[in-house]
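Visitor: I am new to this structure. Please take one part of it and go through it closely, then work outward from there.

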Amino acid sequence: MRRSMKLAAVVLSGSLGMASLAACGAKSNDNTSSSASGDGSLKVGMAYDIGGRGDQSFNDSAARGLDKAKADLGVSVTEAEAKQGEAEADKETRLKNLVDAGYKTIIAVGFVYQPAVDKVAKDNPNVKFAIIDSNDKDQPSNVTSLLFAEQEGSYLAGVAAANKSKAHHIGFIGGVQSELIKKFEAGYKAGAKSVDPNIQVETTYLTTPPDFSGFASPDKGKEAAQGQLDKGADVIYSAAGSSGAGSIEAVANAGKLAIGVDSDQASQPALAKFKNSILTSMVKNVDTAVYSYIDSVKKGTPFTGIKLFDLKANGVSLATTGGKIDDIQDKLKAAGDAITSGATTVPTAPAQ
């Protein structure tokens, strides 16, 4: 799901062979890293979405889970990154190269990998695949979907926004107008309107499929946020990957409040100069899902089918760094309890 930071935009070469992938502790010529710890009895390959490590958001959260598995479970890992505008064949090649290098557990980060995962998994039934944020009802049995209740965490973000907005006017910026990001929008709007039924909510999407650059275009995020600020919004939530950093910058420069996504963005060094303007972040605990999946494989009882990480399972939460939502914790707890008890059902599609 970048500001002035340089975007990592590399792709695993189709000619990469087993030897280069297996070279422990080194960086290959095409920026695929491989390292090992412990007995290395389990080899895990991770294919990142656009932005890779360092996006301060979605991919970084997945990377934290991988790092924890490496440290705690003694697995060996290889990481491969995507590039802007790559073809579907590039994703397939990346996954095939991991299979050819002997990786029997492969995690694809992001729904854009679903067609490639389905194809490569079907051709390699003895390899276990996990995909984050996607679920194809016809996917092969060796594919596990790691899903999140983004709408539930976003609902709480909406409650926070409505309670903190002085203008009764807030904004939502989505990276790509996809079914996944619409869940963020739907929850956010529902949460805000549960507090203030008359609140005005601006909505902007940066790109539409098949253009996924909206997840890695900080300039677009900054421009979109400025447009919403000009219309009067004083709290803006961005679900846009590294593009969100541009949004946060614009909001901070205007002296308003931003809501981050996926990771606790107020605690990230790259965004330190904007942290006083970050109200909270809707944290999507992708690291928990990645670690849990690898642990299940390591134990010989791998997750299968769909594994949902919702509010009740601590799959989503609101960050409290900076203390800006400390004074409304009672309201947030009440809203969260209503969700986990079933009293509130959060929509997954925005109201028309």
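**Lysine 43 and beyond**

Guide: Apart from neighbours within four places in sequence, lysine 43 is in contact (heavy atoms within 4.5 Å) with Ser76, Ala101, Gly102, Tyr103, Lys104 and Thr105. The model is predicted, so local features need pLDDT of at least 70 and side-chain atom pairs count only at pLDDT 80 or more, while totals for chains, interfaces and linings use all residues. Residues are numbered from 1 along each chain as its sequence is written, and side-chain values use heavy atoms, leaving out hydrogens and water.

Lysine 43 belongs to strand 3, residues 43-47; strands (E, at least two residues) and helices (H or I, at least four) are DSSP runs numbered from the N terminus. Its relative accessibility is 26%, so lysine 43 counts as partly exposed, that is, between buried (under 20% relative accessible area) and exposed (over 50%), with a 1.4 Å probe and protein chains only. From C-alpha to C-alpha, lysine 43 is 5.8 Å from valine 77, although 34 residues separate the two in sequence.

Next, the interior. The largest nonpolar core (buried Ala, Val, Leu, Ile, Met, Phe, Trp, Tyr and Cys residues joined through side-chain atoms within 4.5 Å) has 83 residues, and Ile132, Tyr188 and Ile294 have the most contacts inside it. Beyond four places in sequence, isoleucine 132 touches residues including Phe58, Ile107, Phe111, Leu146, Phe148, Val286 and Val290. A second, separate core has 18 residues, among them Leu206, Ile236, Ala266 and Leu271.

Tyr188 also takes part in a helix contact. Helix 5 (residues 150-164) packs against helix 6 (residues 179-195) at an angle of about 40 degrees, with the axes 6 Å apart. Helix 5 is therefore oblique to helix 6, a term for angles that are not under 35 degrees, over 145 or from 65 to 115. Axes are lines fitted to C-alpha atoms over the stretch in contact, and angles run from 0 to 180 degrees between N-to-C directions. Residues making the contact include Ser154, Tyr155 and Gly158 of helix 5, and Phe184, Gly187 and Tyr188 of helix 6. They divide into 11 nonpolar, seven polar and two charged; Ala, Val, Leu, Ile, Met, Phe, Trp, Tyr, Cys and Pro count as nonpolar, Asp, Glu, Lys and Arg as charged, and the others as polar.

Last, helix 8 (residues 244-253) is mostly covered, with nine of its 10 residues buried, among them Glu249. These buried residues pack against strand 8 (169-176), helix 7 (218-230), strand 10 (235-239), strand 11 (257-262) and strand 12 (278-284). After helix 8 comes glycine 255, with a positive phi near 75 degrees.
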